[in-house]
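Hi,

Here is the structure I promised to pass on. Have a look at it first, and then read on for what turned up.

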Amino acid sequence: VTHQPVAAGLARWSAADRCPAEPTTAGVRRATSRAGEQTATLLVWEPCADDAVVAHWRLTGAGHGWSGSHSVLPERIMGPDTTVIDAAEEIWRFVARFRRTDAPLLR
């Protein structure tokens with residue numbers, strides 16, 4: 001499987017939403033795990049057209065598991081767990097700001 005770099009996807013979203021080309025840092029969180037220091041940096045591209053927002057939590061020192069929970073796979077495969085952010089909580093915090101319009105649902 002080939003995965004595109006995160007930066008390329010963020011650049012496409014910010015261009016499509018007519019946001020600034022470069023993000024601003026909206027916050028930094030730090031935590032210490034047995035694997036060492038972990039950081040979460042919130043990058044935000046705004047203002048954008050039509051009140052759109054592009055945001056990305058950049059994690060360092062964390063593995064590939066779901067942030068805020070414990071991976072069932074071993075650390076040697078997934079890398080270190082992190083609780084520096086809770087991914088589910090951060091996703092909800094982001095999407096809860098928006099309201100659905102009266103546009104028909106796609107089926």
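Strand β2, residues 36-45, has eight of its 10 residues buried, so the rest of the structure largely encloses this strand. Bear in mind that this is a predicted model.

What sits alongside β2? One partner is strand β1 (residues 24-33), which pairs with β2 in the antiparallel sense over nine bridges. A hairpin of two residues makes the connection from β1 to β2, and serine 33 stands opposite glycine 36 in β2. Strand β3 (residues 54-60) also runs antiparallel to β2, with seven bridges joining them. In that pairing, threonine 39 has threonine 60 in β3 as its bridge partner.

Zooming out, the protein chain has three helices and three strands, in the order α-β-β-β-α-α along the sequence. Its C-alpha atoms fill a box of roughly 45 × 35 × 30 Å along the principal axes. Of the 107 residues, 27% are buried. If you take the contacts with a separation of 6 or more, 40% are between residues 24 or more positions apart. The chain exposes about 8,100 Å², and carbon and sulfur atoms supply 56% of that.

Now the charges, which may be more your thing. There are 12 positive and 12 negative side chains, and the centres of the two sets lie 3 Å apart. How many salt bridges does a search of the whole structure find? Three.

- Arginine 29 with glutamate 90: the side chains meet at 3.0 Å, N to O. Arginine 29 is in strand β1 and glutamate 90 in helix α3 (residues 87-95), so this salt bridge ties together parts that are 61 residues apart in sequence.
- Glutamate 89 with arginine 93: this pair comes in at 3.2 Å, N to O. Both residues lie in helix α3, four residues apart, about one turn of the helix.
- Glutamate 90 with arginine 93: the closest N and O atoms are 2.7 Å apart. These two are also both in helix α3, three residues apart, again about one turn.

Through shared partners, the salt bridges join Arg29, Glu89, Glu90 and Arg93 into one network.

Is glutamate 90 buried or exposed? Its relative accessibility is 10%, so glutamate 90 counts as buried, the cut-off being under 20%. The other members of the network are partly exposed: arginine 29 has a relative accessible area of 31%, glutamate 89 has 41%, and arginine 93 has 43%.

Cheers

Definitions and conventions: Residues are numbered from 1 along each chain as its sequence is written. This is a predicted model: local features need pLDDT of at least 70, side-chain atom pairs count only at pLDDT 80 or more; totals for chains, interfaces and linings use all residues. Side-chain values use heavy atoms; hydrogens and water are left out. Buried means under 20% relative accessible area, exposed over 50%, partly exposed in between (1.4 Å probe, protein chains only). Two strands pair if DSSP finds at least two bridges between them. Contact means heavy atoms within 4.5 Å. Accessible areas come from the Shrake-Rupley method with a 1.4 Å probe; for residues, only the protein chains shown count as cover. Lys and Arg count as positive and Asp and Glu as negative; His and the chain ends are not counted. The place of a charge is taken as NZ of Lys, CZ of Arg, CG of Asp or CD of Glu. A salt bridge is a side-chain nitrogen of Lys or Arg within 4 Å of a carboxyl oxygen of Asp or Glu.
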